[in-house]
Amino acid sequence: MEQQQDFSPLKHFVVAKKKISAVFDQLLGYVSEGAEFLEETCKDEQLEQIASEQQKAQIQAYASKLAVIGEVLARRHMKVAFFGRTSNGKSTVINAMLRDRVLPSGIGHTTNCFLSVEGTDEDKAFLKTEGSEEEKSVKTVNQLAHALHMDKSLDAGCLVKVFWPKTKCALLRDDLVLVDSPGTDVTTELDSWIDKFCLDADVFVLVANSESTLMNTEKHFFHKVNERLSKPNIFILNNRWDASASEPEYMEDVRRQHMERCVSFLVEELRVVDQAQAPNRIFFVSAKEVLNARMHRAQGMPEAGGALAEGFQERLKEFQDFERTFEECISQSAVKTKFEQHTIRAKQITQTVKDIMDSINIAAAEKRVHSLEEKDDQTDRLEFVRNQLNLLTEEIKRKIKIVTEEVENNVSNAMAEEICRLSVLLDEFHADFHPSAQVLKVYKAELLKHIEEGMGKNLAFRCSSAVNASVHAAQQQMIESLQPLLPSAASSQLQMLIPCRKFDLSYDLNCGSLCSDFQENIEFRFSMGWTALVNRFLGPSNAKRALRLVDGSLQIPRAPAMTPTGAGVPPGAQDGLSQEELMLSMATGLASLTSRTSMSVVIVGGVVWRTVGWRLIALTMGLYGLLYLYEKLTWTTKAKERAFKRQFVDYATEKLQMIVSFTSANCSHQVQQEMASTFARLCQQVDLTQRELEGEISRLDRKIERLQRVHERSKALRHKATGLEDELESFTRQYLQPPQ
């Protein structure tokens, strides 16, 4: 009884296919992840082209190629092609291996085109003709034969695919495709056959007729196959060996003769195997017997039922040996031919992607180190700028204080000198003068304007040049101090921050408001009058007290200056009234003296009268009158103007001395404002530099973080590549390298 092994050698191919497919799925996912990683890396401008567009395009091309290879692997199967002369039993051998009548065979059913048989998961058999995806139902072998012979478009070079349910045939469950061919003696287009059907075949089976020898047409075909393929796997089946049972006495001689010719053909002519391996590729079988026996067994009948020639069991066993050897050979060969190049390509792709990840990893690490160093430099620079700015701020404040104090002293001294020269400034003033109220008002306004402008010009002449030089020097010192804190581009533009105009102090004396309450006194005053004499001999303060004794209501010796309110009252009348009032006051004062004082005055007056006489007294009184008359006549408008100016000088001097400190402080404040504003503008540039440094440090932080992520991810992808290399190497050792 024929024994069916639980584990078919064909499973070796199936398992290898699953494993390599799984590896390629992982590799495709890995390369796709790498392509996405490079896409993100190339888009990030801050990474400074750490990955090139060429690398990205290369990995994307690999991803597309791996997707195609994955589809190819899914369609990969083991393929065995049967060739031989017409009616040598090729279809019968295939049916015997399939354990069912799948292909038409026998008398009247010669194969007229190429037929491939492969398994399908569907429950019904169907076929597809070349160039068409239409599924044509096939229920019986006779229906298939009829369909093939009725289709006039089929010729010897066409392929018809027969899909047989895997549930009906165990051999087709393991990705095996069997290709039946027309006889090699029916066409001369052998080259096109080979190109079309043989280049992807894993095993070739030459079905020969044991009742004759190998024909040249068969040899010629396989010579062409051997030219196109490197050492193809070829099996030779000497079919119809059951005919040798009729002549048992010649059986061994005929077998030996066939063996020698077949070995010679494989070893010496084709050179596909060596002398020791050749006999293992040559078998003597009867496919028809094996097919019938297996079908009987499938139907529950004895295998040896019917009229079988003697030696059936030996021929059945040899057919089984052929199947086992064939399965072992095709599984090993198919794994090598179908997967070896893809495995090599996968290793190359993995190595290339690994190298790319290595280069990105190294570049990211180097750029990260460089960015860290740059960040440290920028941080040190920022700290230096902040510390220096604090030190310079204190230094500039001290410098501003020194300059402002110097300006305040200079202005104060210059203003004191100008106040002393105020009379000279008034002498330079010339305008129409008249004691009338309207003219005096205009005169005073023009005089105040003259004083304002004159003192301003004199102060500017004395102070402005020195102040401007001090301010300019201080500003230049500020620039020189702050320049090291700024980048070169900003340093070259610092001069633009200082105004091109010359700094001028504003001496706002405001004489109009300051002297607004000035009241002139240009009335005639006799120099030898009683009031003048008392004021001259006793002094202002003592005269005031003495006159108060005379009249408690008397004011200070120099009566308040009053501008005449009307032109109808002559100056002489007013003077007379004043003298009468004074004499009345003196008389009242004398009456109130003590009796002792009164007696003393009378005694002294009497002594004087007796001593000088009345003539001297009269002369004295005459001279006194002449002096009064002279002064009265010389009290002209010019004299009044001179008196006005003297009074104004005295008054303005007192007022201006009161604002010396205020004016000098105001000038120093102007200088302080000018220098502070300049320093503020310069500090704005330093602040801008600080913000730029802070922004650059933040940018470097983000860049370092991105580079760290790129470094870690490229490292992880590199480790994945190492794992895939290990899996590919394991697959190579297990399935592609010959066993030790």
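**Exercise 1. How do the residues of the lining of the second largest pocket divide into nonpolar, polar and charged?**

Solution, step by step. The model is predicted.

1. Take the volume. The second largest pocket fills about 990 Å³.
2. Find its centre. Its lining has 31 residues, and the closest to the centre are N233, C329, Q332, S333 and K336.
3. Assign the helices. α9 (312-420) and α19 (660-736) each supply at least two lining residues. The most come from α9, with 11 residues.
4. Sort by class. The lining holds 11 nonpolar, 11 polar and nine charged residues.

**Exercise 2. Describe how α6 and α7 pack, and state why they count as oblique.**

Solution, step by step.

1. Fix the approach. Two packed helices are described by the angle between their axes and the distance between the axes.
2. Read both values. Helix α6 (residues 216-228) packs on helix α7 (residues 251-270) at an angle of about 40 degrees, and the axes lie 11 Å apart.
3. Apply the cut-off. Angles under 35 degrees count as roughly parallel, and 65 to 115 as roughly perpendicular. The pair falls in neither range, so α6 and α7 are oblique to each other.
4. Add the hand. The crossing of α6 past α7 is right-handed.
5. List the contact. From α6 come K219, F222, H223 and N226; from α7 come F265, E269 and L270.
6. Class the contact. It has three nonpolar, two polar and two charged residues.

**Exercise 3. Repeat the analysis for α11 and α18, and give the classes in their contact.**

Solution, step by step.

1. Read the geometry. Helix α11 (residues 437-482) and helix α18 (residues 637-658) meet at an angle of about 50 degrees, with axes 13 Å apart.
2. Name the arrangement. At that angle α11 is oblique to α18.
3. Add the hand. α11 passes α18 in a right-handed crossing.
4. List the contact. α11 brings L440, Y443, K444, L447, L448, I451 and M455, while α18 brings E641, F644, K645, F648 and L656.
5. Class the contact. Nine residues are nonpolar, three are charged and no polar residue takes part.

**Exercise 4. Which helix gives the most to the lining of the second largest cavity?**

Solution, step by step.

1. Count the cavities. The structure holds three of 30 Å³ or more.
2. Take the volume. The second largest cavity has about 40 Å³.
3. List the lining. A208, N209, S212, T213, L214, N238, H258, R261 and C262 line this cavity.
4. Assign the elements. β7 (203-209) and α7 each supply at least two of these residues. α7 gives the most, with three residues.
5. Sort by class. The lining has three nonpolar, five polar and one charged residues.

Note on methods. Residues are numbered from 1 along each chain as its sequence is written. This is a predicted model: local features need pLDDT of at least 70, side-chain atom pairs count only at pLDDT 80 or more; totals for chains, interfaces and linings use all residues. Side-chain values use heavy atoms; hydrogens and water are left out. On a 1 Å grid over the protein atoms alone, a cavity is a set of points where a 1.4 Å probe fits but cannot get out, and a pocket is an open set with protein on both sides within 12 Å along at least five of seven lines; lining residues have an atom within 4 Å of a point. Grid points are joined across faces, edges and corners, and a volume is the space filled by probe spheres set on the points. Helices (H or I, at least four residues) and strands (E, at least two) are DSSP runs, numbered from the N terminus. Ala, Val, Leu, Ile, Met, Phe, Trp, Tyr, Cys and Pro count as nonpolar, Asp, Glu, Lys and Arg as charged, and the others, Gly among them, as polar. Axes are lines fitted to C-alpha atoms, for helices over the stretch in contact, and angles run from 0 to 180 degrees between N-to-C directions. Angles under 35 degrees count as roughly parallel, over 145 as roughly antiparallel, 65 to 115 as roughly perpendicular and the rest as oblique. A crossing is left-handed if the near helix is turned anticlockwise from the far one by less than a right angle, and right-handed if clockwise. Contact means heavy atoms within 4.5 Å.
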